[in-house]
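Keep your viewer open and a selection box handy. At each stop you will get something to select, followed by what is there.

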Amino acid sequence: AGTGGPRDTAPGQQLRALFYALPPGESSFRTVEEVPDYVDKSIPFFITFIGLEFAVSWIQKRKLPGRINDGISSLSLGILSRLPDVLFRSIDLISYIYVWNNYRLFELPWDSPWTWYLTLLGVDFAYYCFHRISHEVNILWAAHQVHHSSEDYNLFTALRQSVLQKYTSWMFNLPMALFIPPSVFAVHLQFNLLYQFWIHTEVITKLGPLEWILNTPSHHRVHHGRNPYCIDKNYGGTLIIWDRIFGTFEAEDAKVVYGLTHPVNSFDPIMLQLRPLAHIWNTFWATPGFCNKLSVIFKGPGWGPGKPRLGLPEEIPVITGKEVPFNPPVPAYLNCYALVHFAIILNLYTELLSSISMLSQGTVLLRIGFIILSLASFGLLMENKSKAGILEIIRCLVFIGVYKLGYFRSQFSFLGYAYEV
């Protein structure tokens with residue numbers, strides 16, 4: 001392979017990338033610049049599989065696998081988490097390339113299958129370490145808890161990601177930069193993330209012998225549970241072997257109740273990102289003693305003065321099976337309204353990704369700002385907050401203004417008049 005821009009991937013290759021099924025011969029590249037953006041190119045497959053999950057769930061159980069409000073909230077958090085990457089190169093790659101260029105000890109061949117498989121194991125082990133620490137260190141949990149905040153469990157939940165998490169996860173990959181080429185690392189960083197999409201579902205039960213090696217929907221359902229037996233279990237990304245080795249594995253048993261042990265009860269993506277940090281801030285100042293203040297930050301989210309590092313297991317709320325997910329009463333027309341307008345924002349977001357190189361920095365910042373404003377407004381609408389209507393009127397007036405000035409353009413020109421309506 002020569003040098004050049006990112007490679008295009010055929011639909012079949014992109015589909016197999018979702019399941020970590022692209023072998024070394026099809027996913028090895030000499031330079032980082034050649035590595036395809038597998039994640040952004042997977043958006044059509046995300047949508048397709050979400051639709052398929054809805055169909056299968058309806059056939060199996062005669063009910064849908066989620067709710068409109070929770071689904072829009074999850075997708076909003078997914079979009080929000082990707083917006084920094086529109087402006088800046090991934091901190092994972094920036095830091096990795098820096099260490100590779102300045103401190104590498106030796107260089108494994110980029111086109112060797114052995115390098116490819118070693119990187120698979122290395123990236124997944126680094127993910128296990130980071131994921132486990134994110135549950136055991138309060139300041140890291142404040143970012144990661146966003147992913148656990150849904151009380152539904154479906155493919156929407158897979159897209160519910162933190163804006164802040166990527167700014168702490170990068171350091172766990174740096175040891176590989178001493179000998180593994182950045183281009184190989186860039187492929188597996190994406191594959192490891194993509195693999196975790198399809199395991200967020202209830203329509204797949206067990207996968208037989210694969211349950212011993214791979215992280216599966218059954219194993220990951222346990223990880224998302226707030227049942228006492230589920231807490232701090234099954235941290236693996238692609239492989240479950242690390243949990244089996246280090247004693248954090250738990251098989252699915254009693255019916256899993258999803259979400260946080262102390263639910264946030266909000267669909268506002270900004271609130272979901274920032275409220276845990278505000279809680280740490282308030283607890284920090286309310287806790288007496290300098291060492292205790294540091295413990296608020298660096299010990300587990302269940303810690304308190306006089307308690308073990310990870311808190312007391314008996315303080316985890318008991319699951320009765322009668323838990324009711326947060327679901328404020330909202331008129332049906334308001335759900336339809338939020339759904340239609342979210343589809344417009346999703347179109348604007350995908351159009352931003354496809355045309356980023358042709359837009360001025362001011363236009364990019366304007367679009368990002370409007371997307372954030374819209375996602376926050378939708379969250380308040382779905383909670384039926386009293387001030388949501390005022391914010392939504394302002395948002396729509398801003399949209400008309402910037403649309404008329406030419407700062408927004410849809411990929412589908414025939415929708416222009418419909419957008420104005």
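Start by selecting leucine 120 together with Tyr20, His188 and Leu239: these three are its contacts (heavy atoms within 4.5 Å) once neighbours within four places in sequence are left aside. Leucine 120 belongs to helix α6, residues 113–136; helices here are DSSP runs of H or I with at least four residues, strands are E runs of at least two, and both are numbered from the N terminus. Is leucine 120 buried or exposed? With a relative accessible area of 15%, leucine 120 counts as buried (under 20%; exposed is over 50%, partly exposed lies in between, with a 1.4 Å probe and protein chains only). If you draw a distance from the C-alpha atom of leucine 120 to that of serine 183, 63 residues away along the chain, you should read 13 Å.

A word on the model before moving on: it is predicted, so local features need pLDDT of at least 70 and side-chain atom pairs count only at pLDDT 80 or more, while totals for chains, interfaces and linings use all residues. Residues are numbered from 1 along each chain as its sequence is written, and side-chain values use heavy atoms, with hydrogens and water left out.

Next, select threonine 157 in helix α8 (residues 155–158). Threonine 157 is buried, at a relative accessible area of 0%. Show its contacts too: beyond four places in sequence, threonine 157 touches Ser74, His147, Ser150, Asp152, His200 and His224.

Keep Asp152 on screen and add arginine 67, which sits in the loop between α3 (43–61) and α4. What does the side chain of arginine 67 reach? One polar contact goes to the side chain of aspartate 152, at 3.0 Å, and the backbone oxygen of phenylalanine 326 is reached at 2.7 Å. A polar contact is a pair of N or O atoms within 3.5 Å; within protein, one must be able to donate a hydrogen and the other to accept it, and residues adjacent in sequence count only if both atoms are side-chain atoms. Arginine 67 is buried, with a relative accessible area of 18%. Apart from neighbours within four places, its contacts include Glu151, Phe267, Pro325 and Asn327.

Now colour by domain: domain 1 (11–246), domain 2 (270–315) and domain 3 (332–406), with bounds from an automatic or database domain assignment. The centres of domains 1 and 3, taken over C-alpha atoms, are 27 Å apart, and their contact takes 14 residues from domain 1 and 17 residues from domain 3. About 1,500 Å² is buried between them, 89% of it from carbon and sulfur atoms; buried area is the accessible area (1.4 Å probe) that two parts lose on being put together, summed over both. On the domain 1 side, pick out Ile72, Ile79 and Val86, which lose the most area to domain 3, together 38% of what that side buries. Helix α4 (residues 68–87) gives the largest share of this side, 12 residues.

Finish in the largest nonpolar core, with 76 residues: buried Ala, Val, Leu, Ile, Met, Phe, Trp, Tyr and Cys residues joined through side-chain atoms within 4.5 Å. Select Tyr38, Phe191, Phe197, Ile371, Leu375 and Phe399, which touch the most other members. Helix α10 (residues 182–198) gives the most to this core, with nine residues. Domain 1 and domain 3 both give residues, so the core lies between them. For a last close-up, centre on leucine 375, whose contacts beyond four places in sequence are Ser76, Ile79, Leu80, Pro269, Phe342 and Ile345.
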